[in-house]
Amino acid sequence: MPSASPVSQLLESDSWNSLKDLRSPSQASQALSRTTSFSSNASDTDDRPRRRSEPAYSFVGMHCIFDQCKAMVTVIKFGHMSSDLLAYGATDGSLTVCSVSMPPSVIKQLIGHSKDVTDFDFSTNNQYIASSSMDKTVRVWDISRGLCIRVIYGVSSQLCIRFHPVNNNFLSAGNAKKEINVFNFSTGRTISTTVVDGEVTAMDHDHTGQFIFCGDSQGCIYTVSMNSHTGALSRTHRNRSSSKHRSAVTTVEYRTFSLLARGPVLLAFTRDGSLSFFSVSLEMKGYLTLRCSLKLTPRLHSIRASFCPLLSLEKGEYIVAGSEDANVYFYDLTRPRNTCVNKLQGHGYPVIGIAWNHGENLLASSDFGGTVIVWKRAKTA
């Protein structure tokens with residue numbers, strides 16, 4: 001098995017102009033009230049980073065590189081509450097499980113899908129991975145043995161998947177037939193199904209397991225109630241895209257708390273470059289209120305974005321996203337202008353996937369050419 005390529009002693013930021021060429025944020029705009037919202041337009045390269053750096057989003061260089069995959073890496077994630085367990089899926093159907101502890105290494109390669117891996121998720125104990133694929137199947141893998149222990153066959157491409165955060169016997173998957181299905185992990189049987197208006201392209205659970213938030217190929221975001229005991233589903237809310245051109249949602253990510261919203265929030269990202277930041281009212285059956293939005297350059301690929309939770313507790317509301325120009329960009333949504341606060345350079349192809357580890361000291365990014373880079377964030381005082 002090809003091993004990872006660790007970068008000697010971490011590349012110093014002086015070796016990468018982009019890592020040294022950081023922007024320090026201006027004074028954050030006044031705290032927004034719960035009813036305040038704003039939008040901003042920005043291209044990925046609009047902002048020229050200033051020389052003064054801000055430790056909150058400074059990076060010292062590359063921690064390691066995994067380059068044995070020769071196909072586009074479509075999705076990348078760290079294990080549940082894990083600082084060193086990393087996995088990624090690719091368009092050749094492979095799933096690769098790695099350790100980023102020094103020395104970094106490939107633990108297992110999970111081979112079974114015949115087409116693109118579209119999504120995967122770790123179980124809460126990181127013993128299993130559930131994956132979805134364009135080959136119309138959902139597969140469940142035992143990581144330690146490197147074996148597929150269950151295959152669930154569908155009639156259309158399976159596009160996104162999540163373990164239930166409370167009851168790991170439930171798997172939720174969205175497909176190209178506009179369905180959200182809940183499967184029994186132990187038997188593979190379908191427990192419940194609900195239908196939305198477009199192909200279900202992205203999803204996430206809230207921390208209680210009461211709601212599934214999902215996005216479709218038309219740019220709509222849905223809230224679906226889920227019974228944690230029976231797995232029964234029921235649609236509760238739909239948030240239509242304000243864009244004239246309907247664009248598929250590539251990222252739906254839930255977070256339990258945001259200083260900006262003073263409560264739970266949801267991030268949505270679409271292929272036309274629209275970043276949307278919602279506050280979530282769990283008391284109102286997961287009702288979403290748009291707090292702010294950012295328009296970036298449209299994407300050709302299904303590029304993903306992510307919250308920066310710990311950074312956002314220090315100041316601002318940070319989002320990290322991949323880009324067609326092979327850079328990783330950081331944005332502060334509390335700034336209506338000059339929202340780009342940093343970028344990382346190192347990939348040779350469009351950056352597709354983004355993932356933080358637990359503790360948020362490592363950021364993993366994947367690209368169209370199959371390379372995975374793990375970046376190390378600078379320690380803060």
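1. A term to start with: two strands count as paired if DSSP finds at least two bridges between them. With that in hand, welcome to this structure, which is a predicted model. Here are some places to begin looking.

2. Try the open sheet of four strands, whose order is 4-5-6-7 and whose pairing is antiparallel. Its edges are held by strand 4 (73-78) and strand 7 (105-110); each has a single partner strand, so one side of each has no neighbour in the sheet. On average, and ignoring direction, neighbouring strands here are turned by 20 degrees against each other.

3. For a closer view of one pairing, follow strand 4 alongside strand 5 (residues 85-90): the two run antiparallel and are joined over five bridges. Within this region, V75 has G89 of strand 5 opposite it. As background, strands of a sheet pair through backbone hydrogen bonds, in a parallel or an antiparallel way.

4. T96 is a good residue to click on next, and you will find it in strand 6 (residues 95-99). Is T96 buried or exposed? Its relative accessible area is 1%, and because buried means under 20%, T96 counts as buried. Leaving aside residues up to four places away in sequence, T96 touches Q68, L86, A87, Y88, V106, K108 and Q109. V73 lies 23 residues from T96 along the chain, and the C-alpha atoms of the two are 10.0 Å apart.

5. Now for the empty space. The largest pocket has a volume of about 1,400 Å³. Its lining takes in 48 residues, and those closest to the centre are H80, D204, E253, Y254 and W356. Several elements give two or more residues to this lining, among them strand 4, strand 8 (117-122), strand 16 (200-205), helix 2 (309-314) and strand 28 (351-356). Strand 4 is thus worth a second look, as an edge of the sheet and as a contributor to this lining.

6. Which strand gives the most to the lining of the largest pocket? That is strand 20, with eight residues; strand 20 spans 249-258. By class, the lining of the largest pocket holds 22 nonpolar, 16 polar and 10 charged residues.

7. Finally, visit the second largest pocket, with about 410 Å³ of space. Of the 18 residues that line it, T118, L159, R271, S302 and R304 lie nearest its centre. Strand 8 and strand 20 are the elements giving two or more residues to this lining. The lining of the second largest pocket divides into eight nonpolar, six polar and four charged residues.

Note on methods:
Residues numbered from 1 in each chain as written. Predicted model: local features only at pLDDT ≥ 70, side-chain atom pairs only at ≥ 80, totals over all residues. Heavy atoms only, no water. Axes fitted to C-alpha atoms, helices over the stretch in contact; angles between N-to-C directions. 1 Å grid on protein atoms, 1.4 Å probe; cavity = no way out; pocket = protein on both sides within 12 Å on 5 of 7 lines; lining within 4 Å. Points joined across faces, edges and corners; volume = space filled by probe spheres on them. Nonpolar A, V, L, I, M, F, W, Y, C, P; charged D, E, K, R; others polar. Buried < 20%, exposed > 50% of the residue type's maximum accessible area, 1.4 Å probe, protein only. Contact = heavy atoms within 4.5 Å.
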